[in-house]
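Visitor: Hey, got a minute to look at a structure with me? I'm new to this.
Guide: Sure, bring it up and ask away.
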Amino acid sequence: MLVRLLYVSRAVDTSPAAIEAILTQSRQHNPATGITGVLCYGGGIFLQAIEGGRSAVSELYGHIQRDARHKDVELLAFEEICERRFGGWTMGHVNLAKLNHSIVLKYSEKPEFDPYMSSGKVSFALLEELMATASIIGRA
């Protein structure tokens, strides 16, 4: 059974090296467990969609909740899915600070997207827009 989980958290360390370390770890670990997804970051906030088997996604989310690199972890959405939307990425990424403000304003009250103040549905719609506009960078 495939599922998708969407969560938001605050980064404890916002340095580029810390972000790259998270992406590297994801890309090394995720293929073996069948996890795919995308990580968006900006302004000290992570927005991440994770797809895969229910047990693997649940286990990974539990690990993220205990990970010292994240704080204020909140679940935005969890659903059973028929197919993956981010199957091409072991972990793609988007720097929200580098996005065109018109894309962000389409889904937000202000030019800075804050997933803590948005629904899971709106946050996922932004991710789909980023995918459609080729804003997601990643390695398979």
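Visitor: What does helix 2 pack against?
Guide: Its buried residues pack against strand 1 (2–11), helix 1 (16–33), strand 3 (45–53) and strand 4 (70–81). This is a predicted model, where local features need pLDDT of at least 70, side-chain atom pairs count only at pLDDT 80 or more, and totals for chains, interfaces and linings use all residues. Residues are numbered from 1 along each chain as its sequence is written, and side-chain values use heavy atoms, leaving out hydrogens and water.

Visitor: OK, which residues of helix 2 are buried?
Guide: V57, L60, Y61, G62 and I64. Buried means under 20% relative accessible area, with a 1.4 Å probe and protein chains only.

Visitor: Why does the length of helix 2 agree with what it should span?
Guide: Helix 2 has 13 residues (54–66), so at 1.5 Å a residue it should span 18 Å, and its end C-alpha atoms are 19 Å apart, which agrees. The expected span is 1.5 Å times one less than the number of residues.

Visitor: New topic, pockets. How big is the volume of the largest pocket?
Guide: About 300 Å³. Of the 17 residues lining the largest pocket, the closest to its centre are Q25, H29, N30, L60 and H63.

Visitor: Which element gives the most to that lining?
Guide: Helix 1, with 6 residues.

Visitor: And what about the second largest pocket, what lines it?
Guide: Its lining includes Y107, E109, K110 and M117, and the space in the second largest pocket is about 200 Å³.

Terms used
Helix = DSSP H or I, 4+ residues; strand = E, 2+ residues; numbered from the N terminus. Buried < 20%, exposed > 50% of the residue type's maximum accessible area, 1.4 Å probe, protein only. Contact = heavy atoms within 4.5 Å. 1 Å grid on protein atoms, 1.4 Å probe; cavity = no way out; pocket = protein on both sides within 12 Å on 5 of 7 lines; lining within 4 Å. Points joined across faces, edges and corners; volume = space filled by probe spheres on them.
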